[in-house]
Amino acid sequence: MMTPEIREIQTFLLLAETGSFSATAKILNISQPAVSLQIAKMEQSVGFPLLHRNPDGAAITAQGKALIPLMEEIRNAHSNLLGRAAYWQRFQSKQVKIWIDGSINAYRIRNRCDLDEPSLTKSEWDYLGSTSDWIEALQNYEVDLVIAGSFLKSDTLHGIDQTILQEEPGITIAWNPECFSLEKDSFDLPEALALSVILPSPSLCLGFRKFLDSWCDSTYQAGLKNFIECKSELDALNACKFGLGVIVFPGDAEKRMGLSQAGLTFSKGFIAPLPKAYAQQIHYRSTEKNPKIIAAMHSLARVFEHSK
Amino acid sequence: MKPFPIPTEPSSTGGNHVDFRHLSAFRRVYRERDFSKAASELRTSRKSIVRMIENLENSFRCRLFESDGYRMLQPTPFAERLFNDLKPISQLQTDLETKISTIRESDRVLQIASSPAVFRTPSFCRLFREMQSVSGVRTSYSSIPCEDAAKSLISGRCDLYVGSWKGDPRRFTNCSSGSNPYHILTRKPNNPPDRATTLHSLAYLVWPNVKSPLPASPKASDTKWQTIEENQWLRWMDHPDECPEGTRIYAPQIPVDSTFWTISPNSNPLGLSQSLRLSFLRQHPYEFLPSLTDSIQEKMMVG
């Protein structure tokens, strides 16, 4: 009896999670009969049924369920192995993998590197995903450096340290004066929050949405109702210009995002109580030993200073 | 300045050829330092070992072994790290194999099913006991009408169905384990007998709609049998008071209460019998099913 292959394990676990052959086939990008064949092969090799085949879907047998925890461990171990192997490969070929968020600063760094730091242009650049999975990706060696913003040093990131590029106080609220009649000087925050609000997504600023939600909850006993999450600062800027809502962004967004040049009116809040609210940072593994990666980090910080 | 692109998901890592069999091949080559030796240990060809190592090297974008000119292979630093890193996952695989073996040994259950009619026959009782002793696996029974037999075998609700059923038999392995003959029962008059003691002369034949029409009767003046369903017959067996006195029933042999029924002497004029066919899915994961049914077939035919 052969131990199941990684592909069979992935298919079976996916089937257990989705409960449907068609969903599994779509996710794995294979045909439905191919899914059935893999499961049948696995059943033959383990020697007992793994599924009950009903017309309305598949149900996992009790014996199948008993195998799931170990199989999940194997699946994770396998993908971690691929991550680490990719890391060693980069180590050997002296490559550095960098992810950036949708902030204007990060994009500026990337463009400057094309001119100032030719060594860094040989690195692999990519954008963060739509969620904050970059933390796991960094821990699992899928990426080496991540440029991302965070609000109020949110949740301890296990095994990850940061180099701070910039820290800014408070938050900034901005709107298109032709679309919203908010007063700049006698600004009413609850009034603004009751309108449609434009926020950064977790990948653009970790912890900001959480802060706003809990602050609204404790101060006004009400959550944010209408909001648009943006993955990039430019998207947010455009959304605000078109009157889709009121920008509520961390830090000194006025300067960072060029709000005045865009013709928006703004107001700042929480300046005194939160002097270092928003930090834009380069995240790296605490145990990082690769000199190329450390050097790349210093280069990025230098490029950022020069681009200001 | 270039236009802002929209952030998308990061590109996925490669590694479509990092299967466990590739990693096994790698571990073996690392230990033996020789492709041919690894191939013979794994009972495969040298060519396939070489191809698997090449696939791994392409997926990892790194060389794994270098030839040192003396036919011995030398692992690269990458290969050294990879070999060490495989230990935990290899342990997990061993744990999984152990778990699978444990389930095979002690957790498999053979679900046997049949219609209620078949269940009551003494032949079935004997069949079930034989299966318990021969299979060595826990057996359990559930009652499934014959029209649901195919569906239940396919879904896995039962592993083995006893008794014939209508439908396409091609997906299944079928073998006969004997048959149960019919006999004729007559409903005795009640004691004391009813006032109007004209005995009914109704004659019923229990014939589930699974087979072809009734076999031709040999005699010219023969009883006109009217077919009834198995459910109705069983209901009368359990509730004889609902059956009119004098009714004759031509049915499979099951134990009857002699207070209410007599068994006629020429009890099977048409030579009918109830089949105890065994059916299971062709590619059923229980590898012991074919040999089990073969030995049951032998045992039942003898007795």
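**Entry: A:N29**

I started at A:N29, which sits in the loop joining helix 2 (21-28) and helix 3 (32-46) of chain A. A note to self here: this is a predicted model. I checked the backbone and found the phi of A:N29 near 60 degrees, a positive value for a residue other than glycine. Most residues other than glycine have a negative phi. Next I looked at the surroundings: A:N29 has 7 other C-beta atoms within 10 Å, so I noted A:N29 as exposed.

**Entry: B:R33**

Over in chain B, I went to the loop between helix 1 (20-32) and helix 2 (35-41), where B:R33 is found. Phi of B:R33 is near 55 degrees, again positive and again in a residue other than glycine. How exposed is B:R33? I got 15 C-beta neighbours inside 10 Å, so B:R33 counts as partly exposed.

**Entry: helix 12 of chain A**

Back in chain A, I tested the length of helix 12 (residues 291-307). Its 17 residues should span 24 Å at 1.5 Å a residue, and the end C-alpha atoms are 24 Å apart, which agrees.

I then listed the buried residues of helix 12 of chain A: A:I293, A:A296, A:M297, A:L300, A:V303 and A:F304. They cover an arc of only 125 degrees around the axis, so they lie on the same side of helix 12 of chain A.

What do these buried residues pack against? I found helix 5 (104-116), helix 6 (118-121), strand 5 (145-151), strand 6 (160-168) and strand 13 (278-285) of chain A. On the face of helix 12 of chain A turned away from its buried side, I noted the exposed residues A:P291, A:H298, A:E305 and A:H306.

Note on methods. Residues numbered from 1 in each chain as written. Chains lettered and ligands numbered in written order. Predicted model: local features only at pLDDT ≥ 70, side-chain atom pairs only at ≥ 80, totals over all residues. Helix = DSSP H or I, 4+ residues; strand = E, 2+ residues; numbered from the N terminus. Buried ≥ 20, exposed ≤ 12 C-beta atoms within 10 Å, placed from the backbone. Expected span 1.5 Å × (residues − 1). Arc of directions from axis to C-beta. Contact = placed C-beta atoms within 7 Å.
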